[in-house]
Each structure stands twice: as structure tokens, then as C-alpha cells.
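Work through the exercises below with the sequence and the model at hand. Try each task before you read its solution.

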Amino acid sequence: MNDFEIFLALNVKMPISYLGYRLRFISRELRGKRRDQQPTTLPCRSWRNLVLNAPIRLLEADKSQGNVSLSEVIMLAKLVTEAKVGEEIIEIGTFDGRTTLNMAVNSHASCPIFTLDLPQGDDTAFDVEEGEKSFIDKPKPGMRFVQSDEPSTQRITQMLGDSAIFDWSEHEDKAGFMFVDGSHAYDYAKKDTETAFRLIRPGGFIVWHDYGVWEGVTKALEEIEAEQKLGLQHIRGTSLVVYRHPEAA
Ligand SMILES: C[S@@+](CC[C@H](N)C(=O)[O-])C[C@H]1O[C@@H](n2cnc3c(N)ncnc32)[C@H](O)[C@@H]1O
């Protein structure tokens, strides 16, 4: 994707699709139809507030069912440029590796990337949502970076395990960027968020996907914000929630 296509995706396509989403939400409310998205309460901010000026390269722009949207992968690729020299980049929920690949290509050449997914056929510590089983049930996660000849993919380590019981101890306080996009069930959203806060370094970003889309994620993030007043921000026109860990004093 070239710079102009990236500009169009953020400045034209995303506002139009957000308008469509809002109209659909209001129309369903007025017609008394069952909601297919949740109303949300986290403060909604424009992506421009994140000052995402870094130029990026975008690979594998085509979205499969289960991937983040085009504007979301662009934002993740821009945010990951903020990870500092040597900091880890960690993703929970590899799926086909489209986001992992774009995080590798756009992060500093000294940043190792770790991405976790479930081994095929394993039982999970908590129940997962019925609707996400099709994303879990795949022969091998990360195919989009496995098949890529981009040199930066050499920095990616594919990890297999259940995020709730995975041994994260080697990664504590090492992540400059965390993307939480594993199971969308409430127990997992809570547990993965707790993990993210253990792994993130001062100045690092945590980003969650599917806020307002999966009830478990929406509930978990709103509860955490109500209890801890962390300043979680929902990025308008996306289902991303962003948190920046304060810099050390
Ligand atoms: C929606 S997909 C992730 C999409 C991907 N991050 C992207 O941007 O294209 C969710 C992934 O989380 C994985 N997953 C679900 N439960 C998990 C768990 N308990 N531990 C690790 N990964 C899990 C699924 O197998 C699936 O591949």
C-alpha cells in the first residue's frame, strides 16, 4: 500500500464507515431491533490525538475474517514505531499473523516480537466464546509472516500456549508495545489485561481490539477503567482501546 492509499484509508474510508456504523446503530435502536454492537462508555478520541505521524509500510493489506480492519492495522503499525530500542513487542492472538507481520516491518530493528496463539485442539483454562471457535481452529497460526520473505520477520517468535496460564515471567516489564487480541470471553479479556499491565514498560502502549464488538472485552475494559481510572481511550471509528503507561519519574 502506498502513502496515498494509507492517507485515504484513515481520512476518507474510516470516517465513512464510522458514519455507516453509527447510522446502523441508531436505526436498530429506533426500530427496537436487537443490538449487534454494544453501547460504550470509555471516552472516544480521534486517532489524531495519538499523533501518529510516523511513515509506515503496510503489507498484506487484504483483510480476512478475524483480522483487524485496514484502518486499525495502519494505526497499530504507526503506534508500534514508538517502541524504543530493544523493547519487546508482544501480541496475544496471532491468528494468521497479518498484524504481527506489520508490527515487525514497522518496529525498530532491535525490537524482538513475540506472538502467542493456542495450540490446535488444546483445552482452554477458561471457556471461550462459541463465535470465536472458527478463529481458534486452524492448522497453524502466523501463516502471513511464515510465508513472507521480509527480513524483519526473523525477529518474530511464535509462541504456543493458553494466554491465561502461559508463563510470562521472562517478559515482565520488557514490552514497549502490547496488542491484546486473543479470546474475547470476559475471563480472558480480564486475565490478558492483567498480564499486559505486568509486561508493559514505562512509556509503552497497550492496545486492545474488539471493544464494543465482543461483550466480554467491552465489560472487562469498562470495569477496569471504573476501578482504576487509568485513562483508557477508545479510538473513534475503530474497536481499538489505547493506554499509554506513564513514563518513569
Ligand atoms: C481475532 S483473532 C486475532 C487476530 C490477529 N491479532 C490479527 O490482528 O489479525 C484471535 C486469536 O486469538 C487466539 N486465541 C484465542 N484464545 C486464546 C488463548 N486463550 N490463548 C492464546 N490465543 C488465543 C485464537 O486462536 C485466534 O487466533
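**Exercise 1.** Which residues in α6 are buried?

Solution. The model is predicted: local features need pLDDT of at least 70, side-chain atom pairs count only at pLDDT 80 or more, and totals for chains, interfaces and linings use all residues. Residues are numbered from 1 along each chain as its sequence is written.
- Step 1: take the cut-offs. A residue is buried if 20 or more other C-beta atoms, placed from the backbone, lie within 10 Å of its own, exposed if 12 or fewer, and partly exposed in between.
- Step 2: apply them to α6. Tyr188, Ala189, Lys191, Asp192, Thr193, Thr195, Ala196 and Leu199 are buried.
- Step 3: look for the cover. It includes β2 (88–92), β5 (175–180), β6 (200–208) and α7 (215–228).

**Exercise 2.** Compare Phe95 with Lys229: which is buried and which is exposed?

Solution.
- Step 1: locate them. Phe95 lies in the loop between β2 and α3. Lys229 is in the loop between α7 and β7 (233–235).
- Step 2: read phi. The angle is near 55° in Phe95 and near 45° in Lys229. Each value is positive in a residue other than glycine.
- Step 3: count neighbours. Phe95 has 24 C-beta neighbours inside 10 Å, so Phe95 is buried. Lys229 has 8, so Lys229 is exposed.

**Exercise 3.** Which residues around the ligand come nearest?

Solution.
- Step 1: start from the 24 residues around the ligand. Each has its C-beta atom, placed from the backbone, within 6 Å of the molecule.
- Step 2: pick the nearest. They are Gly93, Phe95, Thr99, Ser163 and Ser183.

Technical notes. Helices (H or I, at least four residues) and strands (E, at least two) are DSSP runs, numbered from the N terminus. Two residues are in contact if their C-beta atoms, placed from the backbone, lie within 7 Å.
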